[in-house]
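Visitor: I have a structure open and would like to talk it through with you. Could you start with one strand and work outwards from there?

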Amino acid sequence: MPGNRLAVAVGDVAGKGVAAALLMAQLSAFTRFCFAGEPDVKKALSGLNAVLSRTASSDRFVTFVAAVIDLGTFSATLVNAGHPPLLCRRGNRCDIEELG
């Protein structure tokens, strides 16, 4: 990504077979395009949603989560679109927190 950042994304497409595989291929390509061309994570995800909404059929949906990591500061921006809340365990501590 622009600005010495790395995006890690996980998506899940509803359905099985060729149609679901094609939608996942589109998701992969559109994700790379939207995140590479837009430095603002919120805008990149909004663009991804817009392009998927135009191209996917109404009987399909995608859940998606991404972490954008600034490699200079090691801070992360998390985005969640339909997945259960993210869980975080820090260092050697035993407690786990839910990220909202």
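Guide: Let us begin with V8, which lies in strand β1, a strand that covers residues 5–13; please keep in mind that this is a predicted model.

Visitor: Is V8 buried, exposed or partly exposed?

Guide: V8 has a relative accessible area of 44%, and because buried means under 20% and exposed over 50%, V8 counts as partly exposed.

Visitor: Which residues form a nonpolar patch on the surface with V8?

Guide: V8 is joined there by L6, L71 and F74, and together the four have about 390 Å² of accessible area.

Visitor: OK, now the inside. Which residues of the largest nonpolar core touch the most other members?

Guide: Those are F35, L48, L52 and F64, in a core of 17 residues, to which α1 (17–37), α2 (41–55) and β2 (62–70) each supply at least two residues.

Visitor: And what volume does the largest pocket have?

Guide: The volume of the largest pocket is about 250 Å³, and of the 14 residues lining this pocket, L48, N49, L52, S53 and V62 are the closest to its centre.

Visitor: Which element gives the most to that lining?

Guide: That is α2, with five residues, while the elements that give two or more residues to the lining are α1, α2 and β2.

Visitor: Stepping back, in what order do the elements of the chain run?

Guide: The protein chain has two helices and five strands, which follow one another from the N terminus as β-α-α-β-β-β-β, and of its 100 residues 24% count as buried.

Technical notes: Residues are numbered from 1 along each chain as its sequence is written. This is a predicted model: local features need pLDDT of at least 70, side-chain atom pairs count only at pLDDT 80 or more; totals for chains, interfaces and linings use all residues. Side-chain values use heavy atoms; hydrogens and water are left out. Patches are made of residues with over 30% relative accessible area and no salt bridge: like charges are joined within 9 Å, nonpolar side chains (Val, Leu, Ile, Met, Phe, Trp, Tyr) within 5 Å. Accessible areas come from the Shrake-Rupley method with a 1.4 Å probe; for residues, only the protein chains shown count as cover. A salt bridge is a side-chain nitrogen of Lys or Arg within 4 Å of a carboxyl oxygen of Asp or Glu. Helices (H or I, at least four residues) and strands (E, at least two) are DSSP runs, numbered from the N terminus. Buried means under 20% relative accessible area, exposed over 50%, partly exposed in between (1.4 Å probe, protein chains only). A nonpolar core is a set of buried Ala, Val, Leu, Ile, Met, Phe, Trp, Tyr and Cys residues joined through side-chain atoms within 4.5 Å. On a 1 Å grid over the protein atoms alone, a cavity is a set of points where a 1.4 Å probe fits but cannot get out, and a pocket is an open set with protein on both sides within 12 Å along at least five of seven lines; lining residues have an atom within 4 Å of a point. Grid points are joined across faces, edges and corners, and a volume is the space filled by probe spheres set on the points.
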